[in-house]
Structure formats: structure tokens, C-alpha cells
Amino acid sequence: MSLSYNKGEKLKQKKIIDRLFSSGESVNQYPLRLVYITDTPINEGAIKIAVSVSKRHFKKAVERNKIKRLIREAYRLHKPDVEAIVKTQCNNGIFGMILYNGDEIPNFEHLHKCMSNLWLKFESKKKSL
């Protein structure tokens with residue numbers, strides 16, 4: 001199993017991103033928030049994820065890009081766990097966007113723990129449905 005986060009796994013379609021925010025569900029683990037939809041059939045067990053950081057809190061693009069790199073790296077390291085969760089809980093796969101809601105630039109260790117907790121909350125939410 002590859003730990004890469006390549007082009008095919010990135011969510012880029014504007015229609016789907018608009019649908020995420022209009023009818024998607026969400027899970028919060030401060031400072032991260034996952035907005036997702038699982039009802040659209042894509043390849044079985046497929047995952048497409050996008051990452052976003054608010055321009056309101058981080059005016060400089062350098063800061064936003066650094067946070068996005070940290071989030072993508074934390075996601076990449078948790079990818080085997082995420083794939084296992086999606087295969088068991090979401091038959092159609094998942095479209096999702098990870099949003100950063102914090103006010104300051106995080107360190108990687110903190111983001112790594114938050115990412116782990118975020119996917120655990122996602123798993124428990126999907127099990128309860």
C-alpha cells in the first residue's frame with residue numbers, strides 16, 4: 001500500500017466542492033474540520049480529498065501553503081487507516097475537504113494527533129448511522 005497523495009486522489013471538481021458545502025456532513029476536531037459526502041458513487045472505496053486554509057486568518061500565502069503542506073503530510077501518513085475506514089463504512093467511497101480553523105500556525109505533532117482523532121470521529125459517526 002502506497003503512502004503517496006497523488007493527483008488522482010485530489011478533489012478538484014468545482015461542482016463536487018460546491019455540493020460538499022451545500023449538502024455535505026461534517027466532523028470537527030479542532031483545529032481541523034472534515035466536510036464530506038459519501039452518497040455519490042465513485043470507484044468502490046475511492047477517496048478524493050482537498051485541503052483548505054482560510055485567507056481570513058492567514059493573509060500571507062506563504063503561511064497558508066505551509067499549513068496545507070502540514071495537513072497533506074498528516075493525511076498521507078494516516079492514509080492506510082483512512083482507506084480501511086472508508087472500505088468498511090462507505091461503500092461508494094468519499095469526497096471530502098479538510099479545513100483548517102485555527103488562528104495560528106500549528107506544529108506537525110499537534111496536527112498529526114488532530115488528524116488521527118478526526119478520522120476516529122468520522123469512523124464513529126459512520127458506525128452510528
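A residue is called buried when its relative accessible area is under 20%, exposed when over 50%, and partly exposed in between (1.4 Å probe, protein chains only). Helices (H or I, at least four residues) and strands (E, at least two) are DSSP runs, numbered from the N terminus.

The exercises concern a predicted model, in which local features need pLDDT of at least 70, side-chain atom pairs count only at pLDDT 80 or more, and totals for chains, interfaces and linings use all residues. Residues are numbered from 1 along each chain as its sequence is written, and side-chain values use heavy atoms, with hydrogens and water left out.

**Exercise 1.** Determine whether the faces of β4 are covered or open.

*Solution.* Begin with one side of the strand, where I94, G96, I98 and Y100 are buried. Turn next to the other side, where F95, M97 and L99 are buried too. Both faces of β4 are therefore covered. In a regular strand, side chains alternate between the two faces of the sheet. Counting along the strand, 7 of the 7 residues of β4 are buried, so β4 is largely enclosed by the rest of the structure.

**Exercise 2.** Establish the order of the strands in the sheet and state which strands are at its edges.

*Solution.* Two strands pair if DSSP finds at least two bridges between them. Strands of a sheet pair through backbone hydrogen bonds, either parallel or antiparallel. Take the pairs in turn:

- β1 and β2 run antiparallel and are joined by 5 bridges; N28 has R33 in β2 as its bridge partner. A hairpin of 2 residues connects these strands.
- β2 and β4 are antiparallel, with 6 bridges; among the partners, Y36 is bridged to G96 and L32 to Y100.
- β3 and β4 (residues 94–100) are parallel, with 7 bridges; K48 stands opposite F95.

The result is an open sheet of 4 strands in the order β1-β2-β4-β3, with mixed pairing. Its edge strands are β1 (25–29) and β3 (47–53), each of which pairs on one side only. As for β2, 5 of its 6 residues are buried, so this strand is largely enclosed by the rest of the structure.

**Exercise 3.** Describe how helices α2 and α3 are placed relative to each other.

*Solution.* Two packed helices are described by the angle between their axes and the distance between the axes. Axes are lines fitted to C-alpha atoms, for helices over the stretch in contact, and angles run from 0 to 180 degrees between N-to-C directions. For α2 (residues 61–89) and α3 (residues 108–128), the axes come within 9 Å and cross at roughly 20°. That makes α2 roughly parallel to α3 (angles under 35 degrees count as roughly parallel, over 145 as roughly antiparallel, 65 to 115 as roughly perpendicular and the rest as oblique). Contact means heavy atoms within 4.5 Å. Residues of α2 including L70, Y75 and I85 meet a set in α3 that includes F108, W119 and F122.

**Exercise 4.** Locate R56 and decide whether it is buried or exposed.

*Solution.* First, R56 is placed in the loop between β3 and α2. Next, its relative accessibility is 66%, so R56 counts as exposed. Finally, R56 and D103 are 47 residues apart along the chain, and their C-alpha atoms are separated by 9.5 Å.
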